Amino acid sequence: MIRFENVGMRYGTGPEVLRDVNLNLEPGSFHFLTGPSGAGKSTLLRLIYLADRPTRGLITLFDQDISRLKRKALAPLRRKIGVVFQDFRLLDHLSAFDNVALPLRVAGMAEAKIRQNVTELLEWVGLADKLNARPPTLSGGQQQRIAIARAVITRPQLLLADEPTGNVDDEMALRLLRLFEELNKLGTTMVFATHNETMARQSGLGRLHLENGELSSL
Amino acid sequence: MIGRSSNDIPLQRDGTSRMLPWLIGPTVYLAALAIAGMLALHGMLQNWDRGLAGTMTVELPAGTAEPVVTSVVTLLRTTPGIASAQAMDRAAEAKLLEPWLGNSVAVQELSLPRLIDLHVVAGARPDLPALKTKLVAAAPGAVLDDHQQWLDRLYTLALTVEATGLAIVLMVSAASVLTVVFTTRAGLAVHRDVIELLHGLGARDGYIARQFQREALRLGFAGGLGGLVLAAATVWGLGHVARATSVLGEQAKLLPDLHLVLWQWGTLAALPVIAALAAMITARLTVMRALARLP
Ligand SMILES: Nc1ncnc2c1ncn2[C@@H]1O[C@H](COP(=O)(O)OP(=O)(O)O)[C@@H](O)[C@H]1O
Ligand SMILES: [Mg+2]
């Protein structure tokens, strides 16, 4: 599903944030990505969801060497990947419904089908009565559920979460983890970045650890 | 390229494009006036050309004796290629001068040059230098005027006016295109976060560009329509003034007749559509270029 070979990454002329990263994630697997703040977790995820290109090395996504792909071919690949950002990145001028509908509109789905899918999913995450609410009027937890709904509405093959538990209490973090495990059981490959190593350790799931730009499998 | 498009980027609220109609409006206004002017000028030139082609005038000095006038008319009538020659009588000449000098007895008594109207056989090209020589021999001081010099000057003037009008329209259009480019770039900058999010969600460049296109089309058309309405009012008003000042009769108007016919109004009506399409295409190219820089 995801393969990194000797991947290096630096921002501009800065130091190398990632050095000789090698990894190989099987379809349907669940991995934590741990490491202290500033270790390069977000950078690694950005490379996976095609927000940046590596400065060196080879990345293979869905069996395709992305350095050989034309820019135009990246858009369909991005649609197979769902991302939950730590800061949610919801659009404040759109309703909860329209925020969740965004990936489907981008993919060109018919409006009637969008209505059905989005309504169902928002019911599932317990926001059936908030379809028309704008994100600024909702609580942090509700906003996060919208962000997750937007990430999974397209049933992506790969789901990336960047510190989704960063701003929530322990109980909420656990419930989130259960939700992601549920999605993983349904076949979604999952990478969950967090600096909370305790949670990762207790879960007993696969762990990738970043330290000083170097990746190790624990 | 127009079609259905989403509305995720709040372009209508940001104010970056609010000035767009105020530049496209005047552009269409100037273009419409220039085109209306050209159409009117063309009509006028054609009328003159049609009226004067095939006619010439021979002018005999004042006081030329009547028998000499008659002999010149005979000479002209027997010249190959000349269909008819008719000496204007004194009353007709006085009538021509009436608007300027009034209808007094004095006019009748003025010593005026005698004019002879000529009509050339359609398509014939009489030997003018030879004719001139013969005329001077028959009546010293006779002048042959084939109107050509006058028409040539008129054409040169018309061409200059048209070129100037075209240059103005081109410059204002270029300014409008640049405004669309800068407006679009401002919109891209203001909505950078939204655009990066859409891009990250797998939106194709065209999906994002369409939203800018639709906005440019809407504002371009609104501005263009405003400009056209003002231009139509101006043309109509000028036409009114032209008719009001034509106290000298149909033949001698101070202003060209700005009365446009249906197809000419149709040409003008296409201007807002053209302006809107130009704005739309400019917005698209600007967005596509900017997005090409994203990974
Ligand atoms: N856009 C950027 N430009 C320059 N440096 C960056 C940028 N993003 C991250 N960095 C740097 O890269 C390093 C890794 O950052 P990040 O991937 O965000 O780490 P983490 O997510 O593990 O906290 C940090 O030193 C950070 O300052
Ligand atoms: Mg981070």
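This dialogue reads the interface, a pocket and the cavities of a predicted model.

Q: How many residues of chain A and chain B are in contact?
A: 21 residues of chain A are in contact with 22 residues of chain B.

Q: What area is buried between chain A and chain B?
A: The size of an interface is often given as the accessible area lost when the parts come together. Here the buried area is about 1700 Å². Carbon and sulfur atoms give 57% of that. On the chain A side, Arg71(A), Arg78(A) and His93(A) supply 36% of the area buried against chain B. No other three residues supply more.

Q: How many salt bridges does the rule find across the interface, and which residue forms a salt bridge with Arg71(A)?
A: The rule finds 1 salt bridge between chain A and chain B. Asp205(B) pairs with Arg71(A), and their closest N and O atoms are 2.7 Å apart. Polar contacts are a separate count: 8 residue pairs, both residues at pLDDT 80 or more.

Q: Which elements of chain A give two or more residues to the side that touches chain B?
A: Helix 2 (71-78) and helix 3 (96-106) of chain A do. Helix 2 gives the most, with 6 residues. By class, this side of chain A has 12 nonpolar, 1 polar and 8 charged residues.

Q: Now the second largest pocket. Which residues are closest to its centre?
A: Start with the volume: about 680 Å³. The pocket has 31 lining residues. Closest to the centre are Phe85(A), Arg89(A), Glu196(B), Leu197(B) and Gly200(B).

Q: Which element gives the most to the lining of that pocket?
A: Helix 8 of chain B, with 6 residues. Strand 6 (81-84) and helix 5 (140-152) of chain A each supply at least two. The lining divides into 16 nonpolar, 6 polar and 9 charged residues.

Q: How many cavities of 30 Å³ or more does the structure hold?
A: There are 2. The largest has a volume of about 100 Å³. Its lining has 14 residues, with Ser17(B), Thr183(B), Thr184(B), Phe212(B) and Glu215(B) nearest the centre. Helix 1 (11-14), helix 7 (148-190) and helix 9 (205-244) of chain B each supply at least two lining residues. By class, the lining has 7 nonpolar, 5 polar and 2 charged residues.

Q: Which residues line the second largest cavity?
A: Leu50(A), Asp52(A), Arg53(A), Ile66(A), Leu74(A), Arg78(A) and Pro295(B). The volume of this cavity is about 30 Å³. Its lining divides into 4 nonpolar, no polar and 3 charged residues.

Notes:
Residues are numbered from 1 along each chain as its sequence is written. Chains are lettered from A and ligands numbered from 1 in the order in which they are written. This is a predicted model: local features need pLDDT of at least 70, side-chain atom pairs count only at pLDDT 80 or more; totals for chains, interfaces and linings use all residues. Side-chain values use heavy atoms; hydrogens and water are left out. Contact means heavy atoms within 4.5 Å. Buried area is the accessible area (1.4 Å probe) that two parts lose on being put together, summed over both. A salt bridge is a side-chain nitrogen of Lys or Arg within 4 Å of a carboxyl oxygen of Asp or Glu. A polar contact is a pair of N or O atoms within 3.5 Å; within protein, one must be able to donate a hydrogen and the other to accept it, and residues adjacent in sequence count only if both atoms are side-chain atoms. Helices (H or I, at least four residues) and strands (E, at least two) are DSSP runs, numbered from the N terminus. Ala, Val, Leu, Ile, Met, Phe, Trp, Tyr, Cys and Pro count as nonpolar, Asp, Glu, Lys and Arg as charged, and the others, Gly among them, as polar. On a 1 Å grid over the protein atoms alone, a cavity is a set of points where a 1.4 Å probe fits but cannot get out, and a pocket is an open set with protein on both sides within 12 Å along at least five of seven lines; lining residues have an atom within 4 Å of a point. Grid points are joined across faces, edges and corners, and a volume is the space filled by probe spheres set on the points.
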